[in-house]
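Biologist: Please take a close look at a single part of this model and describe it residue by residue. Set it against the rest of the chain, and give the cut-offs as you go.

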Amino acid sequence: MEVYDKAKTARVWQRVQGSVAEDPTRGLTGMIAEEWADAAVYLSLSRRVQGNHAAILRKMGQEEQAHMACLKGIYTLQGTGRPDVPQPPAMEKAPVSVMLRRCYGREMRCLAQYEARANDPEYGQIFARMAQQEKEHCRLILELLGTLEVK
């Protein structure tokens, strides 16, 4: 049986964990995919509802596209080129209320990720601004769910 050096093992694990924490592109591709999915859903839903609701959803979709572009920009500046992000799955034909509930969950996940990165010395202000917009999206989703004719 081999004897291992506990101190050496601890140093190796510390280096491994430190390199993950120091990777500024860590998790960005997943965040980009979430924003892309939300943008696609909001723009699709904006064609299924009318009036002010459609305008709200269109604006939210455009803001999600802007978030996606910012995240891609951060990745490009910090990474090794453009991120490889899979396209969102095909849009399903679920009721508007069901789709909005799913978006609410994704918005909450993005909000948590942005708030966790708000202290980043280089991009913290960008993440903080996107977190504010995600909070507003959550509020708007709740408002839409409360005022839409749900079928």
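Modeller: Contact means that heavy atoms lie within 4.5 Å. By that rule, and not counting residues up to four places away in sequence, H137 touches M60, E63, E64, H67 and E107. This is a predicted model, in which local features need pLDDT of at least 70 and side-chain atom pairs count only at pLDDT 80 or more, while totals for chains, interfaces and linings use all residues. Residues are numbered from 1 along each chain as its sequence is written, and side-chain values use heavy atoms, with hydrogens and water left out.

The part chosen is the helix that holds H137, which is helix 5. Helices (H or I, at least four residues) and strands (E, at least two) are DSSP runs, numbered from the N terminus. The protein has 5 helices and 0 strands, and from the N terminus its elements run α-α-α-α-α. Of its 151 residues, 36% count as buried; the terms are buried for under 20% relative accessible area, exposed for over 50%, and partly exposed in between (1.4 Å probe, protein chains only). Among contacts with a separation of 6 or more, 75% are between residues 24 or more positions apart.

H137 is buried, because its relative accessible area is 0%. Its C-alpha lies 9.9 Å from that of G61, with the two positions 76 residues apart in sequence. The side chains of H137 and E107 are joined by a polar contact of 3.3 Å. A polar contact is a pair of N or O atoms within 3.5 Å; within protein, one must be able to donate a hydrogen and the other to accept it, and residues adjacent in sequence count only if both atoms are side-chain atoms.

E134 is also placed in helix 5. Its side chain makes a polar contact of 3.4 Å with the side chain of H67. Leaving aside neighbours within four places in sequence, E134 is in contact with E35, E64, H67, E107, C110, L111 and Y114. E134 is buried yet has no salt bridge, and R106, the nearest side chain of opposite charge, is 9.2 Å away. For charge, Lys and Arg count as positive and Asp and Glu as negative, while His and the chain ends are not counted. A salt bridge needs a side-chain nitrogen of Lys or Arg within 4 Å of a carboxyl oxygen of Asp or Glu.

M130 is found in helix 5. With 3% relative accessibility, M130 counts as buried. Outside the neighbours within four places in sequence, M130 is in contact with H67, C70, L71 and Y114. M130 and C70 are 60 residues apart in sequence, and their C-alpha atoms are 9.4 Å apart in space.

Next comes ring geometry. The structure holds 1 aromatic pair. The ring centres of Y114 and F127 are 6.0 Å apart and the planes stand at 35°, so the pair is tilted. Y114 lies in helix 4 (residues 96-116) and F127 in helix 5 (residues 124-147), so that the pair links distant parts of the chain, 13 residues apart. The rule takes rings of Phe, Tyr and Trp (its six-membered ring) with centres within 6.5 Å; planes under 30 degrees apart count as stacked, over 60 as edge-to-face and the rest as tilted. Y114 is buried because its relative accessibility is 0%, and F127 is buried as well, with a relative accessible area of 2%.

Charged pairs remain. The count of salt bridges comes to 6. One of them joins the side chains of E115 and K135 at 3.5 Å, N to O. This pair links distant parts of the chain, E115 being in helix 4 and K135 in helix 5, 20 residues apart. E115 is partly exposed at 41% relative accessibility, and K135 is partly exposed with a relative accessible area of 46%. E136, R139 and E143 are linked in a network of salt bridges.

Away from helix 5, the side chains of R109 and E34 meet in a salt bridge at 3.4 Å, N to O. Here too distant parts of the chain are linked, R109 in helix 4 and E34 in helix 2 (residues 28-46), 75 residues apart. R109 is partly exposed, with a relative accessible area of 44%.

E63, listed above as touching H137, meets K59 in a salt bridge of 3.2 Å, N to O. K59 and E63 both lie in helix 3 (residues 51-78), 4 residues apart, about one turn of the helix. K59 is exposed, with a relative accessible area of 51%, whereas E63 is buried, with 16%.
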